[in-house]
Amino acid sequence: MPETKTPHRLWAGIREGADRVDAATPAERDRAVDALRALAILGVVLGHWLVTALVAHGGGLRTASPLQQMPWLAPISWAFQTLAVFFLVGGHVATRGYTSARARGTTYPQWLAARLARLLRPVTAVLTLWTVTATALLLTGAEFATVRTLVKLALSPLWFLLVFAVLTAATPLLLRLNPLWPLAVVLHVDLLRFGLGGPSWLGWVNVAAGWLVPYTLGAAWTRGELDSRRAGVLLLAGGAVTTALLVAFAGYPASMVGVPGAAVSNLNPPTLAVVTFGLAQCGLALLLRDRLRRTMRRPPVWAAVALINLSAMTIFLWHQTALMATTATGLLAGRLPGLHTTPDGLDWVAARLAWLPVLTLALAVCWLAFRSHEQVPRRTPGRSRVVHVHPHSSRAKAVRGA
C-alpha cells in the first residue's frame, strides 16, 4: 500500500532529520536566543506583508497602507514590529561572542570580519538583481515613479543592516554602556523636536540612539543583569505604560510603523514612543525565555528555528522582493483583490491574508535561489571550524561553531 506508506515515510524522514539537528546542537547552546531571533525575523516579514500594499494606478504602481485608511488596525503594528527584539538578541550575541573571542586570543579585526561577512555578503545579490531589474524596467518603458517605488521597497531593509553593522562594529565600546544613556538621548531629541520646535533633522540622531537602547539591553543580558524575572516585568510594564501615555497625551502616533501621509512616523526616524514600546517588547522576550527553552526541546520545532536562523538575512532581505514579484506576476491576470486594490476595508484584509501562502511560496523560491550567499565558512584562528560535542557518546555529533 504505497499510498499510505509514502506520507508516513515522508514524516519519518523529516523527524529523523530534526532528530539529527537536535543531536548535533551543543548542550550549552541557549536555544531561546535562536527562537527570539526567528520570531523577530518572522514578525518583520509578516508585518511588511500585512501593511504594505502596491496599488495598480494608471499604468504603474503606488504604495499604500491599510493603516492609512483604517487607523484602528494599529495593533497589527504592535504585534509585528519586532525590530527591538532583533537588536536585543543581536546585542546579546555580539557582546557574548566578542568576550569569548577575546578570551581565545582572537583580535578585534578578525572577530569583526567574521561577524560582518555573513551579515553583509547577501546584500551583494540583492543589489545586483535590483540594479539589473531597474535598468531593464526603465529601458522597456516602465514609469520612473513605479521603478523608484519598487526599488525603494526592495532596498528598504538595507537601512536596518547598516545600523546593525555600525552597532556591531562598536560592540567593544558598548560592553558596559547602560541603556539609560541612549534612552536619555532619545528623550532629549524628542523634547527638542516636538516640545521646543527644533529642526526635524535632529530626529536622525535617534537612528543610532534609539536602536542602541535594545542593543545595550542585550549587553546587560550578557552581563547577567537581566536574569531575574523582575527585570522582565519592569521592562514590560514600564515600557507599555510609558508608550500608552505618550500616545494618549503627547500626540505620538498609535502605529509603531510609518503610515503614508502621516505627519509623524514613529519609526522613520525612531521616536521615544517606539523606543519605549521596544522596551516593553524586550521585557516580554526576557519573560518568555524559559518557556521558549522548554519548547525548543522538541526536535521538529528546534529544527525549524535552526533553519530560519541559518537563513535569517536571506529571509529578511528578500521578503519584499517576494511581495513585489507576486504583485507583478498577478498583474497578468488583472487587478486582484488584496494584491493590487486599495487597502480600505476588511475585504482587503481578508484577501491579503489569503495571499500569505503565495507570498511564502515566492519567498521560498528566493530562499532556494540565494541562500548560498549567506553561508560563509566561519573559521576561528587556531581552532577547527568543526566542533565535536560529547566525544565519548556512541553517536558522533559535529556542528559548526556558534
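Hi everyone. Before we start, one term: when I say contact, I mean heavy atoms within 4.5 Å. And please keep in mind that this is a predicted model.

Let's begin with Phe87. Which residues is Phe87 in contact with, leaving aside its neighbours within four places in sequence? The list is Phe160, Val163, Phe164, Leu167, Trp211, Pro214 and Tyr215. Some of those names come back when we turn to the largest nonpolar core, which has 97 residues. Phe87 is one of the members that touch the most others there, along with Trp49, Phe160, Trp211 and Trp318. As for who supplies this core, helix H2, residues 31–51, gives the most, with 12 residues.

Now to the strands. Strand E1 covers residues 53–57, and 4 of its 5 residues are buried, so E1 is largely enclosed by the rest of the structure. Its partner is strand E2, residues 60–64; the two pair in the antiparallel sense over 5 bridges. If you'd like a spot to click on, Val55 stands opposite Arg62 in E2.

On to the surface. Leu10, Trp11 and Ile14 form a nonpolar patch there, and together they have about 340 Å² of accessible area. Trp11 sits in helix H1, residues 2–24. Why does Trp11 count as partly exposed? Because its relative accessibility is 48%, and the partly exposed class runs between the 20% and 50% cut-offs.

Last stop: Thr360, in helix H17, residues 346–370. Thr360 is partly exposed too, since its relative accessible area is 44%. Between Thr360 and Val305 there are 16 Å from C-alpha to C-alpha, with the two 55 residues apart in sequence.

Thanks for listening!

Methods
Residues are numbered from 1 along each chain as its sequence is written. This is a predicted model: local features need pLDDT of at least 70, side-chain atom pairs count only at pLDDT 80 or more; totals for chains, interfaces and linings use all residues. Side-chain values use heavy atoms; hydrogens and water are left out. A nonpolar core is a set of buried Ala, Val, Leu, Ile, Met, Phe, Trp, Tyr and Cys residues joined through side-chain atoms within 4.5 Å. Buried means under 20% relative accessible area, exposed over 50%, partly exposed in between (1.4 Å probe, protein chains only). Helices (H or I, at least four residues) and strands (E, at least two) are DSSP runs, numbered from the N terminus. Patches are made of residues with over 30% relative accessible area and no salt bridge: like charges are joined within 9 Å, nonpolar side chains (Val, Leu, Ile, Met, Phe, Trp, Tyr) within 5 Å. Accessible areas come from the Shrake-Rupley method with a 1.4 Å probe; for residues, only the protein chains shown count as cover. A salt bridge is a side-chain nitrogen of Lys or Arg within 4 Å of a carboxyl oxygen of Asp or Glu. Two strands pair if DSSP finds at least two bridges between them.
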